[in-house]
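Q: Please show me how to read salt bridges and a helix in a predicted model.

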Amino acid sequence: MRVRDWQDILEDVVDSGADPGGWRAVAGDRDQGIGEDMYLGHPSAGVFQLKTYAKNPFEVQGVGTQLARRIDDDLDPLFPEGDAGRFGVQSPMADEDEAKQAATELESVLETHADAPTTPDALFEDVMGALDSPAYGPMEYDQYDRPDGLDDFANEFEEAEDLLDAELEDLVDENETNHGFQ
């Protein structure tokens with residue numbers, strides 16, 4: 001298992017070539033210490049774990065790793081289904097022309113959904129398509145606590161959990177980040 005910067009892991013997700021709408025995630029507060037945990041999974045791209053914290057209001061730092069190369073029958077039930085919340089990963093726009101094109105497509109999607117009966121899921125899918133999101137889907141998340149799904153993953157990948165916790169704590173200490181906000 002190779003521990004890397006969290007942004008490198010997200011780059012792997014973006015570059016995976018997997019069906020963008022097939023991703024699922026579980027995220028929330030870390031069990032101990034500052035920051036958040038996130039598990040991202042796709043049946044053909046695998047399972048990834050991220051541990052991050054806000055060094056300051058403008059900078060997020062963290063670590064991550066790939067835990068599995070695919071989602072097997074044991075891991076599948078740990079991820080949420082379609083009735084959960086939603087998440088999306090977005091790559092930055094390459095230039096102003098690409099940003100204008102995405103804005104035009106997004107405007108068209110919103111106008112279409114405003115004029116016709118729709119569902120929140122259909123709107124979400126169309127917005128992610130207009131923005132050319134490389135990864136999106138259902139997500140179990142609790143912004144105030146730790147969802148049960150995180151503990152299920154931590155138990156499944158106990159060794160990785162311990163290693164990434166230690167790496168993140170080293171990063172926090174190295175950056176002399178105050179633990180006063182735990």
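A: Start with D121, which is partly exposed at a relative accessible area of 40%; that class lies between buried (under 20%) and exposed (over 50%), with a 1.4 Å probe and protein chains only. The model is predicted: local features need pLDDT of at least 70, side-chain atom pairs count only at pLDDT 80 or more, and totals for chains, interfaces and linings use all residues. Residues are numbered from 1 along each chain as its sequence is written, and side-chain values use heavy atoms, without hydrogens and water.

Q: Which residue meets D121 in a salt bridge?

A: A salt bridge needs a side-chain nitrogen of Lys or Arg within 4 Å of a carboxyl oxygen of Asp or Glu. The partner of D121 is R86, at 3.1 Å from N to O. D121 is in helix α3 and R86 in strand β6, 35 residues apart.

Q: What does the salt bridge of R30 and D165 tie together?

A: The closest N and O atoms of R30 and D165 are 3.0 Å apart. R30 lies in the loop between β2 and β3 and D165 in helix α5, so the pair joins parts 135 residues apart in sequence.

Q: Where on α5 do the buried residues lie?

A: In general, an α-helix has 3.6 residues a turn, so residues three or four places apart point the same way. In α5, the buried residues include A160, L164, D165 and L168. The buried residues cover an arc of only 130° around the axis, which puts them on the same side of α5; the arc is taken from the directions from the helix axis to the C-beta atoms. The face turned away carries the exposed E158, E159 and E174.

Terms used:
Helices (H or I, at least four residues) and strands (E, at least two) are DSSP runs, numbered from the N terminus.
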